[in-house]
Amino acid sequence: EAKTTGRDMALFYSMETDQRAVARQAMEQQLRRALERNELSLYYQPRLSAQGAQLLGVEALLRWTSPVLGSIPPSEFIPIAEETGMIRAIGSWVLQQACEQWVRWQQLALDTGPGDTVVPHPLAQVSISVNLSAAQMSDPSLVTDIEALLARTGMPAHRLELEITESQLMDNAHASELQLAALKLLGVQLSIDDFGTGYSSLAYLKRFDIDRLKVDKSFVHDMLSNPADMAITRAIIALGHTLGLKIVAEGVEDLATAQVLSALDCEELQGYHFSRPLPALELEAWACQHQPPGVSVRDVLAAA
Ligand code: C2E
Ligand code: MG
Ligand code: MG
Ligand code: MG
């Protein structure tokens, strides 16, 4: 009896494994064509100052809508892109799209002024963040590719921010150190993403020339109700400040969390409370509503 059950279970599991393998293969096949078929797009999520809610930057987040498979979250297709090497082509497409988008937003500044007045557009001064995968980090041509991209688009290096996760950095810490130093020489900004979920050597953290730590959303999400998450968030903020870094909290979903983070001296906030990631045009509408062109942040706050 028990034997039969065990065999049935084994069969069940192997069927499940087969199904998963088939699904994965189908996804891989579709992903191979996704770029050329224009199925990939970038969404943008705002990042704001904790003091004053000024729009500081946007993070580019990849989306894939397959006519066959529907919308696939990046957590599912990016690992496949990494394992198959497709992430190189996809990653450089993301970088190029993001820089071209930044240049278009830059041009909005020139379009909004009535007559010959120059009116600051909320998106004209933002920086754009792009997530890098491990494969891109270990690509020896990454730095020259980015340098060429910046030259081609005319985007100033300091407006581009690259996000790298802790584990990516530590997996090959020595190579990462050299790669980051070269990127820093270009003048781009560097952030450590999902901070607190990986294993960081504090000694390396000091050696890497990093600008920001992004506190992982798993700590931010429950920090008001979970004392351990609150303690971890405070510790990351203190550590980052000791190292001269700015702190970004990601996954800020409500006003109370935003206020507490601001009181804890966390400089920057990102999350659904402000906006979900949006297509470029929707982000433009959001930005103009949040911070109307020509209106200073102080006016926005006074009206709120
Ligand atoms: P990430 O870089 O840490 O991005 C933040 C993720 O948190 C995004 O998920 C975003 O939609 C989500 N998020 C933002 N605010 C909130 C919030 O308030 N609450 C909750 N629950 N979630 C929030 P998304 O877009 O699904 O991306 C997941 C991950 O996929 C990213 O994590 C990043 O690691 C990776 N990824 C996305 N785009 C790219 C890309 O172009 N290249 C690479 N290499 N990785 C990417
Ligand atoms: Mg990120
Ligand atoms: Mg992030
Ligand atoms: Mg993150």
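Hi everyone, let me start with a definition: metal donors here are N, O and S atoms within 2.8 Å of the metal (3.2 Å for Na, K and Ca), and since water is not among the atoms, sites may look incomplete. What we have is a predicted model, where local features need pLDDT of at least 70, side-chain atom pairs count only at pLDDT 80 or more, and totals for chains, interfaces and linings use all residues. Residues are numbered from 1 along each chain as its sequence is written, chains are lettered from A and ligands numbered from 1 in written order, and side-chain values use heavy atoms, leaving out hydrogens and water.

Now, the magnesium ion (ligand 4). Its protein donors are Asp193 (OD), Asp194 (OD) and, listed twice, Glu250 (OE), at 1.8 to 2.6 Å. Along the chain, these donors follow the spacing D-D-x55-E. Asp193 also bridges to the magnesium ion (ligand 2), with the two ions 4.4 Å apart. Asp193 sits in strand β6 (residues 189–195) and Glu250 in the loop between β8 (246–249) and α11 (255–263), so this pair ties together parts 57 residues apart in sequence. Helices (H or I, at least four residues) and strands (E, at least two) are DSSP runs, numbered from the N terminus.

Are these two buried or exposed? Buried means under 20% relative accessible area, exposed over 50%, and partly exposed in between, with a 1.4 Å probe and protein chains only. Asp193 is buried at 6%, and Glu250 is buried at 8%.

Finally, helix α2 (residues 74–84): Phe77, Ile80 and Ala81 are buried. On the face turned away from that buried side, we find exposed Ser75 and Glu83. After α2 comes Gly85, with a positive phi near 85 degrees.
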